[in-house]
Amino acid sequence: MNNKFKADSEIHMIEEGLRAKNIIGSTAKVMNKMSGTTGGQVYTLAENEEPQYVLKFDNQIRNIFVKKIYQTYSQSILLPKLLYCNDSNEFIVYTFIPGKTHNNRGLKKNWLARLVEHLLNHYKISQNLNIWGSVDRPYDSWREFIERKLNNARRNIGDILPIEDYNRVQSLIERISKVDYKYLIHGDAGVHNFVFCDYELVGVIDPWPIVGPMTYDFTYAFCSSPDDLTMETLFDAYDLLKDNKMEKSRLIDEVVFQLYCRIGVCAKFHPHDLQDYLKAWEYWKVPPHM
């Protein structure tokens, strides 16, 4: 998507339209604008200098499914409340969640448990969706999606890890690609999209909607920060997941896959975390004794 921001006059017209529909307060106005982590354009709207709303422009297909996530899982206390989506699905408006991403997040065992109880356990089976993977670039199977993700990670990792490690992860694809149920999931459920306040998880923002197993979001979240990547933390949170019938050896395989992919992301975008992830990799690449 083109990240060139809308003209002030266009945003002003949208503000006026939202006020006329009583979607935002009568004094709300744009306080800040930024590039969204998903490539969209994000505007924070404030009343009395306090942020209250988010106006986000993004890919229209993604917006359709983001709207569906917010509507379907509206009982989750972690998701913003959807206030409006225009007819063309060019932009959505939702409530602003105060706090910080990344920072002051506290212990992983606490925020991961809260994620499970207050978001993932609200997920509903979506067998009627005939796609897999990212909704704007769908695949015919879950296997195609995760193979693509693995190959992207391999390119980013280069010679940071030996080819034997890639072969180890590639050998898991057959097993972890077998999925009984599909869900519409957040798709980018990591600490970069988690809002924390006073060391507690209070919000989950910026979905990149994916159709796939619930455990994708769970293991993605677990691997999204290099701290506390232990089996105890993993299994304690997994026991809280309603859909937790997977064999623990299979769950470990999914963590190994996600961790390898996360190392690929760090190699390209977050090199400051790389050494901590490489230490964790030594622990997980050969399955620990259960």
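In this predicted model, P138 is found in the loop that runs between β7 and α4. With a relative accessible area of 43%, P138 is partly exposed, because that value falls between the 20% limit for buried residues and the 50% limit for exposed ones. A look along the chain adds some perspective: P138 and S74 are separated by 64 residues in sequence, and their C-alpha atoms lie 25 Å apart in space.

The loop between β7 (133-134) and α4 (142-157) also holds R137. Here the relative accessibility is 65%, so R137 counts as exposed. R137 takes part in a positive surface patch, together with R148, R155 and K268.

Negative charge has its own gathering place on the surface, in a patch formed by D228, E232, D236 and D239. One of these residues, D236, sits in helix α8, which spans residues 231-238. Is D236 buried, partly exposed or exposed? Its relative accessibility is 45%, so D236 counts as partly exposed.

Helix α10, made of residues 274-284, offers a helpful example of a helix with two faces. Its buried residues are L274, Y277, L278, A280, W281 and W284. These residues lie on the same side of α10, because they cover an arc of only 160° around the axis. Which exposed residues does the face turned away from this buried side carry? Q275 and K279 are found there.

Note on methods
Residues are numbered from 1 along each chain as its sequence is written. This is a predicted model: local features need pLDDT of at least 70, side-chain atom pairs count only at pLDDT 80 or more; totals for chains, interfaces and linings use all residues. Side-chain values use heavy atoms; hydrogens and water are left out. Patches are made of residues with over 30% relative accessible area and no salt bridge: like charges are joined within 9 Å, nonpolar side chains (Val, Leu, Ile, Met, Phe, Trp, Tyr) within 5 Å. Accessible areas come from the Shrake-Rupley method with a 1.4 Å probe; for residues, only the protein chains shown count as cover. A salt bridge is a side-chain nitrogen of Lys or Arg within 4 Å of a carboxyl oxygen of Asp or Glu. Lys and Arg count as positive and Asp and Glu as negative; His and the chain ends are not counted. The place of a charge is taken as NZ of Lys, CZ of Arg, CG of Asp or CD of Glu. Helices (H or I, at least four residues) and strands (E, at least two) are DSSP runs, numbered from the N terminus. Buried means under 20% relative accessible area, exposed over 50%, partly exposed in between (1.4 Å probe, protein chains only). The arc is that of the directions from the helix axis to the C-beta atoms.
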